[in-house]
Amino acid sequence: MMAQYLALKAEAGDCLLFYRMGDFFELFFDDARIAAQVLDIALTTRGEHDGAPIPMCGVPVHAAESYLARLIRAGNRVAIAEQVETPEEAKKRRGSKALVARQIIRFVTAGTLTEEALLEPRRANLLVALAPVRDRLGLASIDISTGRMELEECAAADLPATLARLAASEVLVTEGMEDAPAGAIARPRSSFTSETGERLLCAAHGVATLDGWGSFTRPMLAAAGGLLAYLDHVGRGTLPLLLPPTARAATGALFMDAATRASLELTEAQGGGRAGSLLAAVDRCVTGAGARLLCDDLSAPLAQRPGIEARLDLVQWFHADPLIRADLRVALRSLPDIGRSLGRIVAGRGSPRDLGQLRDGLCEAAWIAGLLSPRPDHPVLLRQLLPALAGHDALTDLLARALVATPPTERGSGGFIAPGYDPALDALRDTSGDARRAIAALEARYRTETGIGALKIRHNGVLGYFIEVPARHGEVLLHGEGSFTHRQTTANAMRFNSLTLHEEASRIAEAGGRALAAEEAHFEELIERACAAREAIAGTAAALARIDVAAGLAERAGEGGWARPGLADEPCLTIIGGRHPVVEEALAKAGERFVANDCQLVPDDRLWLIGGPNMGGKSTFLRQNALIAVLAQAGSFVPASSARIGLIDRLFSRVGAADNLARGRSTFMVEMVETAAILSQATERSFVILDEVGRGTSTYDGLALAWAVAEAIHATNRSRCLFATHYHELARLAESCEALSLHHVRAREWKGDLVLLHEVAQGAADRSYGIAVARLAGVPAPVLKRAKGVLARLEKGRAETGGLAAGLGELPLFAAALEAAEERSDALRERLGSLDIDTLSPRDALDLLYELRRLAGE
Ligand code: ADP
């Protein structure tokens, strides 16, 4: 057995091997240690290997799914080795001591799940493959549970941002890839080629060319190759549901890097989990598929106007008609997840229940098509979606006739084909029904014949049907005239058989077996019919999801009094009465009111510097405007009384290091790396929010950096920007930066207490109220008193010597610093241009590097 085990384990590689033995999946060696720890089950031993006991643990087959779920969640992959013959077959073929043959029938990995129990209903589950081709990367992503596949390409530098957007459960890379993302699975290079990709895609879809689906680049196809080869590997040759791939345009989405996503808490709060995220505050979808699509939308808001307007039109249509919206949402609420049912069916793991869900879902879709029947005021998107809802009549009729009302999840014991669908099946069922009735009649007859009122005919898995009498009556049957043959004596009873009973029981068994076979044949055929309509069904599921998203957003807008954002061509961001949806919801729960604020960024007043006390609401204000922009470009109404937004190409959000102490790297280093990324990437069409940047270092350093960063964003990037800071000294930037203006969150001291008004107002903050905030926080009175004393001394000193603020007056003007930098880069360019690289010796090259560094001003 060990030899067979080890061979299978070699095939399983770094996956845990579930080795089927009877009613258990057993794990051995290190696999057993890992599983015992993750699952918190007993680790035992079995036999010896190389003189040492073999660690072992096991999970019962009937409960395997929940154990699998926990192992996968803990980051493992599992290979399932099943018995592929019965012990009898093994004996017949290879002698009495033969081992049952086993094979790996499937690999279960985080990115290739289809089981309802292992998937989260409101979250997509992506598998992504990366193919580096020179300095570009191809990415292929698929949600196996619904078959949706997308191919895209990005620059190597944008990979972290792209992966953050996709939030995949499993990432595949080519073997030996440099800078591979952590946790990625290395796969053979040979499959990551554009030829393989094209060939596998064509084969999977039975087409000769991919041209009909868009234009795919070589890196995209190479990634698709790696992806499909992996799917083939984990499915042992059975491919899951694959819809035709679509190419995602790089310019199609609002660009956000990983730090921005995390700090805005778009789909996940910083502590992890959905609660507290923008998604949670916005999501009113009533279907899992809708919630998944909304998550996609918020993760990748659009960057082009027509798509956004089309979505907004649809939301507005539902917003304007609460009655139809209510009816629609009731209908959607009872809609099964047909996309995922279809996914299981195509992957060969469908159950009668999945077919039942298709039937119910497609019927519901047809009903919704009727509800939304074409009207002249329909927005374009709805007109495009409606046809996808109908057209399944033949399939739904078939399923409605064929299936019982609630088909079981297990198909092994039959009972899912409806009466009346197949006369032959009905006859078989009648036969076994007749026989069952005959057995019941037999019991009554035997009771009268023997005079034993306690006689029963019973059934169990070992004996089948038998006649049972209490032990004290046993003698009567043992020695009686009748046709009873003794089978078993138990403590209290004796069991018998009779010829008639045997005949009836065989009738049941035979008819039952044939009925099962008939149901199985019908099942196969129904599955085939469903598979044949896979693309249309997936289209219906997608259309329903889009409708659910739009109706849910309309619902949310209605609840919160949200407004439709207007899109503008010039880079402005004018939000009147804006609110932070997450903070507002949290405050409302505590019975408090959120103070709405305006933000008015226009090209000649594009950078707002925001001061004011800690806890005054600066971060909240910054984020709410970024979130409003995300919502608008995702096609949602926004929490504001009005909003006008010039399309944003890239959105950046950074929080000063002190707020991020939990992270591993030197936090100030992280802060600066992230800031550097903004300075190199933000454009005139970008929107940047910077919260206390520079805080992670000493006061002077921090102030100097904050100063320089604000100047650069103002003069070089020219992005729209909200910059929150507690450095008063930055207010002096307003003197030199014409498109920068000063704002503050208002606070007032009243009878010695600090009152935070959470209002954003024009002008610089008068002072920082730090000590008043400390008092709010409960710092003891003697400490506050001492701090006040120290502050008075410091302020006096500053007034006399000029101190910090005066020192800043001597800083060279930003324009001058820029000129110096430009001169240096001109000199560098010239020197580089004059080189003849091919004639350089290694020694010359080294000297040259030193020279270049000198030119660059170190
Ligand atoms: P800061 O960044 O200035 O330190 P925050 O934005 O973190 O302040 O806000 C601190 C707290 O003040 C928030 O947790 C919230 O409870 C409250 N708050 C912020 N903005 C508002 C507002 N506009 N209306 C009501 N309460 C607010």
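## Salt bridges, ligand shell and local backbone features

R411 counts as partly exposed, because its relative accessibility is 30%, where buried means under 20% relative accessible area, exposed over 50%, and partly exposed in between, with a 1.4 Å probe and protein chains only. The model is predicted, so that local features need pLDDT of at least 70 and side-chain atom pairs count only at pLDDT 80 or more, whereas totals for chains, interfaces and linings use all residues. Residues are numbered from 1 along each chain as its sequence is written, and side-chain values use heavy atoms, with hydrogens and water left out.

The partner of R411 is E524, whose side chain meets that of R411 in a salt bridge of 3.7 Å, N to O, a salt bridge being a side-chain nitrogen of Lys or Arg within 4 Å of a carboxyl oxygen of Asp or Glu. This pair links distant parts of the chain, 113 residues apart: E524 belongs to helix α19 (residues 499-532), while R411 is in the loop between α16 (393-402) and α17 (423-450). Helices (H or I, at least four residues) and strands (E, at least two) are DSSP runs, numbered from the N terminus. E524 is likewise classed as partly exposed, since its relative accessible area is 39%. Elsewhere, R305, E309, D313, R564 and D569 are joined into one network by salt bridges that share partners.

The structure holds 53 salt bridges, among them the pairs listed here.

| Salt bridge | Closest N to O distance |
|---|---|
| D31 and K9 | 3.0 Å |
| R274 and D283 | 2.7 Å |
| E524 and R411 | 3.7 Å |

The side chains of D31 and K9 meet in such a bridge, and the two residues come from distant parts of the chain, 22 residues apart, D31 being in helix α2 (residues 29-39) and K9 in helix α1 (residues 2-12). Both D31 and K9 are buried. In the pair of R274 and D283, R274 is partly exposed, with 29% relative accessibility, whereas D283 is buried, with 9% relative accessibility.

### The ligand and its shell

There are 14 residues around the ligand, of which V595, M615, K618, S619 and T620 come nearest, a residue being counted as near if one of its heavy atoms lies within 4 Å. Helix α22 (residues 618-633) gives the most to this shell, with three residues. By type, the shell divides into five nonpolar, seven polar and two charged residues; here Ala, Val, Leu, Ile, Met, Phe, Trp, Tyr, Cys and Pro count as nonpolar, Asp, Glu, Lys and Arg as charged, and the others, Gly among them, as polar.

Several polar contacts join protein and ligand, each a pair of N or O atoms within 3.5 Å; within protein, one atom must be able to donate a hydrogen and the other to accept it, and residues adjacent in sequence count only if both atoms are side-chain atoms. A polar side-chain atom of S619 is 2.6 Å from an oxygen atom of the ligand, and a polar backbone atom of V595 is 2.8 Å from a ligand nitrogen. An N or O atom in the side chain of H758 lies 3.5 Å from a nitrogen atom of the ligand. Of the 560 Å² that the ligand exposes when taken alone, the protein buries 79%, the areas coming from the Shrake-Rupley method with a 1.4 Å probe and, for residues, only the protein chains shown counting as cover.

H758 also has a contact within the protein, its backbone oxygen lying 3.0 Å from a polar side-chain atom of N597. N597 is in strand β20 (residues 597-601) and is buried, with a relative accessible area of 7%.

### Backbone and overall form

Most residues other than glycine have a negative phi. R134, which is not a glycine, has a positive phi of about 50°; its place is the loop between β7 (126-133) and β8 (136-143), and it is exposed, with a relative accessible area of 79%. E265 also has a positive phi, near 50°, and lies in the loop between α8 (258-264) and α9 (278-282), where it is partly exposed at 23% relative accessible area.

The protein as a whole comprises 30 helices and 27 strands. Its C-alpha trace spans about 125 × 75 × 65 Å along the principal axes, and 48% of the 858 residues are buried.
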